[in-house]
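Please open the structure in your viewer and keep the sequence panel beside it. This tour moves from one selection to the next and says what is there at each stop.

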Amino acid sequence: VSPADSSTHAIMATEGGAAPPAEGGVTKSAAKKAKSEAEKFFKKKSDPEGQALIEQGDAAMKEGDLAKAVELYNKATAVCQASTAEGVKKTKAPKEAKEGAEETQKEEGNSAAAKLLLSSPKDNIQSKPMRDGVPDERNYAKNTAEHLAAHLKATGGKYITRFPPEPNGYLHIGHAKAMNFNFGQARIAKAEGFGGETIMRFDDTNPEAEKQEYIDSILANVKWLGNEPVRVTYSSDYFQELYDLAVQLTKDGKAYVCHQTKEEVKKSRDIIRQAHIDHLDKMPPGAESPWRNTSVEENLAKFEKMRTAQYEEGEAFLRMKGDLMSDNPAMWDTVFYRIKYTAHPHSGDKWCIYPTYDYTHCIVDSLENITHSLCTLEFETRQAADGPYYWLLNALRIYKPVTWEYSRCNITYNVLSKRKLNALVMKKVVNGWDDPRLLTLDGLRRRGFTATAINAFCEQIGVTRSGTITTQMHVLENCIRNELDVTAKRAFAVLRPLKVTITAGLDAETTLQVPNH
């Protein structure tokens, strides 16, 4: 076909699928379709003339001459179809380079392909965006310039994350994802020159469910996955500071001691919920606790009686004096302290009152100068800008970290709830926490999974805010298969070999490289 024969080009372009110019004008979609067709044939046969015609067509598109653009794209299609030039072939990286890249990725904890997703600590004035429709007076997530400056002075501007499991069971694959995200983001920040570190913190505020056995197992698994925390801390290390801040909160009239039963608390919360459904402008009788407006002096005296074991368990507890008119249920006077006459695995029997997660989590984040507190989506309402996380820090007038939520790790046909896993273990449905049928880290290790394969899986699924994604089990299995395909040594033997002499086709000694299987 002669390149100069434009009519032939038009016929061939039409047969190849490109849209010919419509009579009376050409649409933009037709021009885009013609360009797509030209690029498709250029990839197959990379003719220089075809490339030049495509570039001319792009220039015509920018000038708005769609008819000319289509004509040029069609010519490019015909030229490439008729050309004898070869297409651009993808080249494989040399084996040595590939192995070097794999080794680098391994050293960096499988986070080489990841990006730094977190905002700069220096920009943390508004720690959390406000929800739509929430008035500004309920925006508790703003840092003062003084608090931010003091925080940056203490941290040197580094990114500081934390991995805070509760030691009430063995870690599972979901915790591996949390580790990969927290430690990984800090590693990336450090690699990019900003500085980054991760604190390993045990959120040990419930002595009834926590054991030293679980603490030892968690530390071993964190190390096995290749993560190195800058230090290991316990929420119980801060029990005295937490108590002192609770006293301050009570003195400020923002906490009170309540004596309602569990059923009475539920009934009052149901009344509050119905009031919001009915759009009432004030709370009806029964919504507030009868002890909500007790004097500061009486609340301080009662809190001291709680500390000195003068109440029975469940007889008294300290609650936040929140905002019942807020549409965030987490603000409806959440419990901050309760009585438990149980020895603590880390602090012993020094205390008989223990702070709740909602009270402890945010304060210890602030005391440890965490820049980004990364949690799963079930904590989203608590960590909203108008939620108790920021309300409490605002009431105590201390630094507010950024909070960031992502979806849990769910895998088909598997249980990833420590409560449910604990039930399976305690009822002896499975043979302990390291049963290879479970996706606990000990179970996976016993099944034959390596740390690098688990990290590769976590890197592959990444983080998302969609709470409905369930990963297929074969995705996890493929990660270990891919690794074993490279690392597992396999061989075969010929028991009755036959000697073969090659007499033609080889002029000299030849060395061949083949996979080890």
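Which backbone nitrogen does the side chain of Asp65 reach? Select Asp65 together with Lys68, and you will find that the side chain of Asp65 reaches the backbone nitrogen of Lys68 at 3.2 Å. Keep in mind from the start that this is a predicted model. Asp65 sits in the loop between α3 (48–63) and α4 (66–82), and with a relative accessible area of 33% the residue is partly exposed. If you add Ala31 to the selection, you will have a residue 34 places from Asp65 in sequence, with the two C-alpha atoms 9.8 Å apart in space.

**The whole chain**

Now zoom out and colour the model by pLDDT. The mean pLDDT of the chain is 87, and 88% of the residues reach 70 or more. Two stretches deserve a separate selection: over residues 1–24 pLDDT stays under 50, and the model has 33 contacts beyond four places in sequence for them, while over residues 89–113 pLDDT also stays under 50, with 16 such contacts in the model. Where pLDDT is low, the predicted coordinates should not be read in detail.

With a cartoon view switched on, the chain shows 17 helices and 9 strands. Of its 517 residues, 44% are buried. Among contacts between residues at least 6 apart in sequence, 74% join residues at least 24 apart.

**Asn143**

Next, select Asn143, which lies in the loop between α5 (95–107) and α6 (145–155). Is this residue buried or exposed? Asn143 has a relative accessible area of 6%, and because this is under the 20% limit, the residue counts as buried. Its side chain reaches the backbone oxygen of Asn124 at 3.1 Å. Beyond the neighbours within four places in sequence, show also Ile125, Ser127, Tyr399 and Lys400, which, along with Asn124, are in contact with Asn143.

**Arg201**

Move on to strand β2 (residues 196–202) and select Arg201 within it. Arg201 has a relative accessible area of 2% and is buried. Which side chains does the side chain of Arg201 meet in polar contacts? One polar contact, of 2.7 Å, joins the side chains of Arg201 and Asp365, and another, at 3.0 Å, links the side chain of Arg201 with that of Glu368.

Leaving aside neighbours within four places in sequence, the residues in contact with Arg201 include Arg162, Phe163, Pro164 and Pro165, as well as Thr233, Ser235 and His361. For Pro165, you can check the C-alpha atoms, which are separated by 7.0 Å from Arg201 although the two residues are 36 apart along the chain.

**The largest pocket**

Now turn on a surface and look for the largest pocket, which has a volume of about 920 Å³. Among the 31 residues lining this pocket, those closest to its centre are His175, Glu378, Phe379, Arg408 and Lys418, and these make a convenient selection. At least two lining residues each come from β1 (159–163), α7 (173–191), β8 (372–376) and α14 (418–426), and α7 gives the most, with 5 residues. Sorted by class, the lining of the largest pocket has 11 nonpolar, 11 polar and 9 charged residues.

**The cavities**

Rolling a probe the size of a water molecule over the atoms shows where empty space is left. How many cavities of 30 Å³ or more does the structure hold? There are 2 of them.

The largest cavity has a volume of about 50 Å³, and its lining is made up of Tyr357, Asp358, His361, Phe379, Arg382, Gln383, Pro388 and Tyr389. The elements that give two or more residues to this lining are α12 (357–367) and α13 (388–396), with α12 giving the most, 3 residues. By class, the lining of the largest cavity has 4 nonpolar, 2 polar and 2 charged residues.

For the last stop, select the residues around the second largest cavity, in which about 40 Å³ of space lies. Among the residues lining this cavity are Tyr256, Ser268, Arg269, Ile272, Trp332 and Asp333. Helix α10 (residues 262–277) gives the most to this lining, with 3 residues, and the classes there are 5 nonpolar, 2 polar and 4 charged residues.

How values were computed: Residues are numbered from 1 along each chain as its sequence is written. This is a predicted model: local features need pLDDT of at least 70, side-chain atom pairs count only at pLDDT 80 or more; totals for chains, interfaces and linings use all residues. Side-chain values use heavy atoms; hydrogens and water are left out. Helices (H or I, at least four residues) and strands (E, at least two) are DSSP runs, numbered from the N terminus. Buried means under 20% relative accessible area, exposed over 50%, partly exposed in between (1.4 Å probe, protein chains only). A polar contact is a pair of N or O atoms within 3.5 Å; within protein, one must be able to donate a hydrogen and the other to accept it, and residues adjacent in sequence count only if both atoms are side-chain atoms. Contact means heavy atoms within 4.5 Å. On a 1 Å grid over the protein atoms alone, a cavity is a set of points where a 1.4 Å probe fits but cannot get out, and a pocket is an open set with protein on both sides within 12 Å along at least five of seven lines; lining residues have an atom within 4 Å of a point. Grid points are joined across faces, edges and corners, and a volume is the space filled by probe spheres set on the points. Ala, Val, Leu, Ile, Met, Phe, Trp, Tyr, Cys and Pro count as nonpolar, Asp, Glu, Lys and Arg as charged, and the others, Gly among them, as polar. pLDDT is the predictor's confidence in each residue, from 0 to 100.
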